[in-house]
Number of protein chains: 2
Amino acid sequence: MDLELVTVGTELLLGFTIDSNAADIARAVSAAGGRVVRSASVGDDGADIRGAVGDALERSGFVVVTGGLGPTADDITKHAVADLLGVPLVLDESYLRELEERFAKYRRGPFPPSNRSQAEMPRGARVLRNRRGTAPGLVLEDSKGTVVLLPGVPLEMRTMVEEHLVGMIRDRLATESNSPPVTRSMTLRTTGVTESGLVSLLGGVEEALDDVSLAYLPGFEGVDLRLTAWSVPEEEAATLLERAAGLLRPCLGRCCYGMEDDDLAAVVLDELRSRGLTVAVAESCTGGLLGARLTAIPGSSDVFVGGMTTYSNEAKTAALGVPGTVIDDHGAVSEVVVLEMVLGAMRQLDTPAGIAVTGIAGPAGGTAEKPVGTVWIAAAARDRKRAVHQRFPGGREEVRQRSTQAALDLLRLVLLGS
Amino acid sequence: MDLELVTVGTELLLGFTIDSNAADIARAVSAAGGRVVRSASVGDDGADIRGAVGDALERSGFVVVTGGLGPTADDITKHAVADLLGVPLVLDESYLRELEERFAKYRRGPFPPSNRSQAEMPRGARVLRNRRGTAPGLVLEDSKGTVVLLPGVPLEMRTMVEEHLVGMIRDRLATESNSPPVTRSMTLRTTGVTESGLVSLLGGVEEALDDVSLAYLPGFEGVDLRLTAWSVPEEEAATLLERAAGLLRPCLGRCCYGMEDDDLAAVVLDELRSRGLTVAVAESCTGGLLGARLTAIPGSSDVFVGGMTTYSNEAKTAALGVPGTVIDDHGAVSEVVVLEMVLGAMRQLDTPAGIAVTGIAGPAGGTAEKPVGTVWIAAAARDRKRAVHQRFPGGREEVRQRSTQAALDLLRLVLLGS
C-alpha cells in the first residue's frame, strides 16, 4: 500500500527545524507494511498546501499531512485541505464542549476564541482523538482518496501515528491481501574495525545474502551493518533476516557487540554485572564522557562507582597518584601513564575493574611524534590488564567520542578474555 | 529568488535516515537571500526522480537535487535527470584521469570500473568540484531552468553548498536587484527561566517589535528567543534585529547568557579565565556530563583542572572527603553534601573555583520526600559559595542535561556576584 507524506511549516523551509516527523512516520508506515513513495514539505501557505496535497493525492490516493493544525493565525492546513476537497468547515459542538472542559481544568481565565477554531471541522471528516494536545487529527475521504491530517508537535504526532494511522494501514493491507508484504531491517553493531576491514572479514558472504540487502553505516561508535528484507510476507522477513545475520555473525567474531540500538556502555555494564565486578574510570582527553556514557544507562549505579577526570598533570598526580616523574619522563599521553591512571582509579575507589583514557583531542596540543588524535587507552579487570594505542581521525568531538567507545570496547575484550 | 529541493534516497522514505540535508541547504539558501518554496524526497527510482525534479522545475525553474551520485548500482540521479532534460551521458576524459590519480594515491589495486561511471557527465553540464569525495556536483541548464546536483554525503554536500551554490544564488539575486530581500534571524539564549517566566519578564515589549517576529524555543539548556526579520533589504535586516534585541535585553537581565550558538560552558570558561581562576567539578547524578561539557570547548585545559565523579556514597567519602556520617544524616542528595562535594573537589585539585551536582536522575531512586528530578547544585569561587535546590521534569537524560546546565549557570551567577 503506497502513500505520500506532506509536512507543513515555514520553519522547515527555512531550515531551522529538521523534519524528523517525516522519518518517524515513514518508519512506522514501513513497519506496518505500507510504503512511503514520496514526501514533500511546504510552508504555511494555502496555495502551496493545496498544491502539494492535491498532487500527492492524485499520484497515490493516500496522503498523510502533518503540521499547521494549531490555534494560531499561521495554522491553515485544515482550511487548505477542506478547500482542496471542496467541503465547508462546520462547528463540532461536542468537541467544542470537550475543549472548554479541558481548558477549565488546567487554566484560569476565559476560553480564548482562537481555540474555538480548533473545534471547526471539515464536513464529513472523522475526528482522531489527540491525547497529548488540543489539536485533533482528521480523516477526510472522497472519490480522489484519503487525506489524514495530524498535528506537527512530534510527541502528539507520534502518539497518533501509533494509535490511529498504523491501524488504518493494517486494515487496508488486510483487505488487499492475507499476508501483506513488509520491509524489515536488522542491525548488527560492530566497533574497532573499519568499513574496509569489515569487507575483508565478510569475504564473499555478502553475495550469499540473496534477497537481503546489506548497508554499511559508519559512525563515531563503529560501523553498523544493516540487513534489509524488502517487500516480503511478514513471516518470511524474519526468516530471511535471521538467516542473513547467521551468515555474518561468525565472520564478525568479537567485532560485533550487539544488535539494533544496543549501547556498548550497557553491554559492558552487563558483562561486569554478570561477573560481580564494579568499575571506576580515569579520564583525561574525554573529560567525563566515559563516565557520562556509563551513567546514561539506568541502573548503572550497581556497577559504576565513580571516576577521576584529571585534565592537568597535577590532577593526575593529586587524584590518581600518577608520579610526576613518570609524567615528565614519558609524557601524559603514554602507555605507562595510562596504566598508572587505571590502577590509580581502581585503588582510590576500591574497584576490581577500571578503564582509563589519555590523549590529544585537539585542535591544539599535537606534536610530530604525537599528533592530534593520538590516544592511549587502558582497561583492567582483576589480574588482567591491557593498554592500546590509537590514532583517531577527525576533530575534537570525534576524537573524544571515538576514544570513549574504544575504551569501553577494550574493557569488553579484557572481560571476554580476548 | 525561489527554488525547490529534491532529496533522493530510499533510506529517507524508510525513515532510517532523517533528512538533515534539506534543512542544511534551506538554511544556507535563506541566509544567502534565496527562498526554498518546496522540498520533496523520493526513493532511488528513475521515474520518481524524473517526476519530482520535473514538477519542481516546472513550478520554480531552479531545483537543487542531493543524493544518488555515488558509484554503486542504486545511484541513478545523474541518469534520471539527464533523461528528464533529454541529454546523453558522455565520458569526461580529464575528470576520469583525475579520479584515477586520486585513487592511485590512497588505495592499492586496479581502478574499479564502478568508479568509471562517475566520470560520465550529461552533455553540456558544468562540473562542480567536490573536495571531500569522488562524486562531483553538476549544473544543468536548459530552457526550463536550472538543475543543480549535489552528492548526498552531508559533509560533501555542505562543503559544496558553501563553495558553489551560495555563490550561484547571490549572483542571480544581484542581477535581479541591487538590494535583494533577505530573511535574517538573531537568537538570544536564556537559561534558568521558563517560557511563561519569559513572557512575564518581557511584559508588553513583544508588541513593540513591529516587523520582527519572536519565537520561543525551549530545550534542555533553557529557552532560546529567536528574532526573525522577513524579506527585507539586507542592510535593514541588521538594523531591525539590533533594535529588537535592544528592546529585549534589558528585560532579560542575567537570564540571557549569550547569542546565536554560544555555549554556556564556553561563557563560564571565559568568565573564569578573565578572573584568572581555575575550576574543578564534583559530580554524582550527572556522571561526568559536567566535565564533558566544559572539556568539549577547545582550549578549556587552561581553566579546567579536573573532577571527581562520585556515584556511590563510598566514592564521595574516598575521593572528596565527604564524611560518611554527613551522608548518613542528611542523605547524598542534600545541601550539606553538595557543599562538601564542591569544597572537596577544590581542595583535592587545588582550585579556587568549583561546581558540584548531586541528585536523583531516575528512573529508580526517587522517594516521596525526594522524587526523581530532585537535584542539589553548588558553585564556589574564592570566598563566595552558593547551593540551590531544583526539581527538574523529564526522564533520566533530561534531568542530567538540565542539571548540568543549571550547575554551569550557578557558577556564572556566583562569578557575576548575583
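**Two sheets that run across chains A and B**

In this predicted model, Phe62(A) has Thr146(A) of β8(A) standing opposite. That pair belongs to the parallel pairing of strand β3 (residues 62-66) of chain A with strand β8 (residues 145-150) of chain A, which are joined by 5 bridges. Both strands take their places in an open sheet of 12 strands with mixed pairing, to which chain A and chain B each contribute. A further open sheet, of 10 strands, likewise contains strands of both chains.

**Overall build of chain A**

- Chain A contains 15 helices and 17 strands, and its domain assignment gives domain 1 (2-176), domain 2 (181-259) and domain 3 (264-416).
- The radius of gyration of chain A is 28 Å, whereas a compact globule of 418 residues would have one near 22 Å; along the principal axes, the C-alpha trace spans about 85 × 60 × 40 Å.
- The C-alpha centres of domain 1 of chain A and domain 2 of chain A are 36 Å apart.
- Of the 418 residues in chain A, 46% are buried, and among contacts with a separation of 6 or more, 67% are between residues 24 or more positions apart.

**The 12-strand sheet**

- The strand order is β6(A)-β7(A)-β8(A)-β3(A)-β1(A)-β2(A)-β2(B)-β1(B)-β3(B)-β8(B)-β7(B)-β6(B), so β2(A) and β2(B) are neighbours in the sequence of strands.
- At the edges stand β6 (126-128) of chain A and β6 (126-128) of chain B, and because each has a single partner strand, one side of each is left without a neighbour in the sheet.
- Direction ignored, neighbouring strands of this sheet are turned by 20 degrees against each other on average.
- Helix α3 (residues 46-60) of chain A packs on this sheet, where it touches β1 (2-8), β2 (35-42), β3 and β8 of chain A as well as β2 (35-42) of chain B, and its direction makes about 175 degrees with that of β1(A).
- Helix α7 (residues 154-176) of chain A lies across β3, β6, β7 (137-142) and β8 of chain A, and runs at about 145 degrees to β8(A).

**The 10-strand sheet**

- Here the pairing is again mixed, and the order is β17(A)-β16(A)-β15(A)-β13(A)-β14(A)-β14(B)-β13(B)-β15(B)-β16(B)-β17(B).
- The edge strands are β17 (384-391) of chain A and β17 (384-391) of chain B, each of which pairs on one side only, while the twist from one strand to the next averages 10 degrees.
- Within chain A, strand β13 (residues 279-283) and strand β15 (residues 353-359) run parallel and are joined by 5 bridges, with Ala282(A) standing opposite Ala356(A) in β15(A).
- Helix α12 (residues 313-320) of chain B packs on the sheet and touches strands of both chains, namely β14 (304-310) of chain A and β13 (279-283) and β14 (304-310) of chain B, its direction making about 145 degrees with that of β14(B).
- In chain B, β13(B) and β14(B) pair in the parallel sense over 5 bridges, and the bridge partner of Ala280(B) in β14(B) is Gly306(B).
- Because 5 of the 5 residues of β13(B) are buried, β13(B) is largely enclosed by the rest of the structure.
- In a regular strand, side chains alternate between the two faces of the sheet. Both faces of β13(B) are covered, with Val279(B), Val281(B) and Glu283(B) buried on one side and Ala280(B) and Ala282(B) buried on the other.

**Nonpolar cores and helix packing**

- The largest nonpolar core has 144 residues, and those with the most contacts inside it are Val342(A), Ala345(A), Val342(B) and Ala345(B).
- Leaving aside neighbours within four places in sequence, Ala345(A) is in contact with Ala280(A), Val281(A), Ala282(A), Gly307(A), Met308(A), Leu320(A), Gly354(A) and Ala356(A).
- A second, separate core has 92 residues, among them Met1(A), Val29(A), Leu140(A) and Leu138(B).
- Helix α10 (residues 264-274) of chain A has Leu264(A), Ala265(A), Ala266(A), Val268(A), Leu269(A) and Leu272(A) as its buried residues, and these pack against β12 (256-259), β13, α11 (289-295), β15 and α15 (396-416) of chain A.
- α10(A) is followed by Gly276(A), whose phi is positive, near 70 degrees.

**Arg391(A)**

- Arg391(A) lies in strand β17 of chain A and is partly exposed, with 13 other C-beta atoms within 10 Å.
- Not counting residues up to four places away in sequence, Arg391(A) touches Gly373(A) and Thr374(A).
- From C-alpha to C-alpha, Arg391(A) and Val87(A) are 65 Å apart in space, and they are 304 residues apart in sequence.

Note on methods. Residues numbered from 1 in each chain as written. Chains lettered and ligands numbered in written order. Predicted model: local features only at pLDDT ≥ 70, side-chain atom pairs only at ≥ 80, totals over all residues. Helix = DSSP H or I, 4+ residues; strand = E, 2+ residues; numbered from the N terminus. Rg over C-alpha atoms; globule rule 2.2 N^0.38 Å. Buried ≥ 20, exposed ≤ 12 C-beta atoms within 10 Å, placed from the backbone. Contact = placed C-beta atoms within 7 Å. Domains from an automatic or database assignment. Pairing = 2+ DSSP bridges. Axes fitted to C-alpha atoms, helices over the stretch in contact; angles between N-to-C directions. Core = buried A, V, L, I, M, F, W, Y, C linked by C-beta atoms within 7 Å.
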